[in-house]
Each structure stands twice: as C-alpha cells, then as structure tokens.
Amino acid sequence: MASAEKEVKIRPMERRDIDAVLAVYSKIREEKIPGTKRSRLSYRGTMTYEEVASTNPGGPLDLSLVAEVNGQVIGFIWGRLAFVGIPIDEVGIIHMLIVDPDYQRQGIAARLVDALAERCHARGVNTVRAVIDERHWELQNYFQRLGFRRSELVIYTRTFKS
Amino acid sequence: MAIERKESKIRIRPMEPEDIDAVLAIDRKITGVRRAVTYTDLIIGDLGKIPDLSFVAEVNGEVRGFLLARRAYFGEPFTEVGLIQILGVDPDYQRQGIATGLVNALVETSQSKKLNAVRIMINQRDSQLQPLFAHMGFKRGQLIDYTKTLRS
C-alpha cells in the first residue's frame with residue numbers, strides 16, 4: 001500500500017503519458033470487486049495506444065490530466081472540450097476518471113476533477129459534464145459530493161449489430 | 001400564405017473547412033446569437049481538420065443543415081462511438097428530411113469505420129428531437145448526465 005504522505009502532483013496529460021495511462025487502465029480493468037468475479041469497469045475491452053493517441057492528449061481540445069506520485073502516473077482524468085446542442089454550448093466532458101486501486105480513498109480523483117474544472121474555467125467554459133450509468137449509484141453519489149447535479153440531458157444511442 | 005416550392009434536391013456530403021461560415025450562419029439563424037471567432041477554431045479543433053464524422057446538407061447547392069460529430073469514448077459500456085455534437089437545420093428548410101439524411105449519413109459512415117454505435121445527448125424536454133431519433137432506431141439507455149456549473 002502506498003503511503004498517503006507521498007506527494008501527489010496533478011498535471012496536464014501529454015502524449016508521452018499514454019503508455020502509463022494504459023497501464024493504470026489495465027490494472028483497474030483486471031481488479032475485481034471484492035467477493036465477486038466482476039470487474040470494477042463494466043467495459044471489458046482493451047484500450048489501445050492508437051485509441052488514446054487519437055484523442056490528441058495535449059491538443060487544443062484536450063482537458064486531460066494525470067496524477068503522479070514520485071514521477072509515476074497513478075491516476076488520470078480524460079476530458080475534452082466540446083460544443084454540443086443547439087444553441088451550442090461549450091462544455092468540458094469527462095470521459096473517464098481512473099485512480100490506481102493502491103491510491104484510492106486519498107482524494108486524488110476529486111483533485112483531478114477539480115483541476116479539470118479549473119482548466120475549463122480558465123478557458124471561459126463554465127460547464128463540466130460527466131455521463132454516468134443510472135444504475136451506478138456509487139459513482140452518482142460521488143459526483144454529487146463533488147458538486148455535480150443530474151441534468152435534463154438524456155442519451156440516445158443506436159448500437160450497430162456486430 | 002401559399003409558398004411555392006420548387007422541387008428541392010438534398011445532397012449530403014462530408015463537411016469541409018469552407019463550410020464553417022455557412023454552418024455558423026445556420027446556428028445564428030436558429031439561436032439569434034452571434035458567436036465569437038474562437039468558436040470556429042474549436043470546431044475545426046485538433047490538427048486543423050474537420051471531425052471526420054461531420055456532414056452538411058445542401059439544398060440546391062446551398063448549405064441548409066449540418067451535423068457535427070466526432071469519435072469519442074463515451075459512456076458505459078465504455079466504447080468508441082460516433083458522438084453527435086450538433087445537429088442544425090435552417091429553420092426555413094426543416095421538415096424536409098434533412099436531419100434524417102444527415103443522421104443516416106453518420107450511421108452509414110460510422111458502421112463502415114467499424115464504430116460500435118452512434119450517440120446523442122438530448123434534453124428530455126425536447127419534444128422535437130426525441131421522437132426524431134427514436135424513429136431512427138435510437139434508444140434511450142441508462143446513461144444520464146451529471147453537470148457542474150462553475151462560477152463565472
């Protein structure tokens with residue numbers, strides 16, 4: 001277990017972080033909820049270098065950040081600026097928020113969300129969104145504690161047969 | 001008042017950087033808001049390219065509708081989807097199948113690019129868009145949105 005005294009540094013994600021981000025992602029994907037065979041992530045697929053690179057970390061629309069301890073990435077938030085809707089709204093969208101299980105319950109995820117909100121604010125964007133499965137109460141409660149409120153937006157999806 | 005309409009021909013094609021002015025004009029016509037120039041930069045966004053899932057609809061050679069979408073990892077299951085960011089149709093050209101044509105183009109392209117799904121966020125009070133997308137085979141799933149408004 002890592003000690004809470006180690007200094008956690010939050011900084012913008014860069015392209016050179018992609019491998020480290022994938023490592024944290026893989027670690028949590030393989031972690032099972034205690035007493036079950038279920039992963040904490042409902043998504044069971046893998047994420048590739050190309051997929052992360054295609055979001056252009058460090059690019060003009062990127063809001064992503066990493067959390068580092070002793071130079072090692074132990075968490076990240078993946079977010080993008082987007083224009084959505086008519087009338088067009090400029091918002092920051094949180095796509096993913098992950099902290100290494102060994103470093104959870106230390107407030108790191110909250111710091112990542114706050115830092116992302118600050119990045120939005122600095123660009124004059126005053127709305128941050130997180131899309132959550134409505135069955136996922138733990139995550140909903142978590143975002144509520146961080147000051148998020150359920151909006152009137154609903155998500156419609158057309159899934160293709162594979 | 002009877003308005004005589006010539007038989008109009010709708011053509012859907014990928015959005016090009018040159019379309020931005022026409023896109024902004026439609027947005028302004030819908031919302032009545034003139035937006036800052038940075039908006040254009042951000043639509044073009046990364047790498048100076050139009051997102052590859054964006055389309056415009058031309059009626060008799062003029063852009064009358066647009067759909068801005070991009071690839072995104074979004075929601076649960078966490079998967080690569082075509083995320084519709086903006087769908088706009090000139091108010092004078094609505095109810096002619098332009099929105100349907102644009103969404104169909106996105107669906108076809110997304111399928112050919114092996115994406116898993118196409119997704120859009122709609123206000124649950126929007127009584128215009130919800131039936132349109134339901135009719136086009138979209139389903140309301142269990143994804144919901146949490147928003148935080150920052151102090152300005």
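Two residues count as in contact here if their C-beta atoms, placed from the backbone, lie within 7 Å. Keep that cut-off in mind as you tour this predicted model.

**Stop 1: chain A.** Select chain A and colour by secondary structure. You will find 4 helices and 6 strands, and walking along the sequence gives the order β-α-α-β-β-β-α-β-α-β. Now turn to the contact map: of the contacts in chain A with a separation of 6 or more, 61% are between residues 24 or more positions apart. Of the 162 residues in this chain, 35% are buried.

**Stop 2: chain B.** Switch the selection to chain B. Here too you can pick out 4 helices and 6 strands, and the pattern along the sequence reads β-α-α-β-β-β-α-β-α-β. Among its contacts between residues at least 6 apart, 63% link residues at least 24 apart. Chain B has 152 residues, and 36% of them are buried.

**Stop 3: the largest nonpolar core.** Show both chains again and display side chains for Phe76(A), Leu116(A), Leu67(B), Leu102(B) and Leu106(B). In the largest nonpolar core, which has 76 residues, these five touch the most other members. Next, highlight helix α3 of chain A, residues 108–122: this helix contributes the most to the core, with 7 residues.

**Stop 4: around Phe76(A).** Centre the view on Phe76(A). Which residues is Phe76(A) in contact with, leaving aside its neighbours within four places in sequence? Select Met13(A), Val21(A) and Val24(A), then Ser64(A), Leu65(A), Val66(A) and Ala67(A), and finally Ile98(A); these are its contacts.

Definitions and conventions:
Residues numbered from 1 in each chain as written. Chains lettered and ligands numbered in written order. Predicted model: local features only at pLDDT ≥ 70, side-chain atom pairs only at ≥ 80, totals over all residues. Helix = DSSP H or I, 4+ residues; strand = E, 2+ residues; numbered from the N terminus. Buried ≥ 20, exposed ≤ 12 C-beta atoms within 10 Å, placed from the backbone. Core = buried A, V, L, I, M, F, W, Y, C linked by C-beta atoms within 7 Å.
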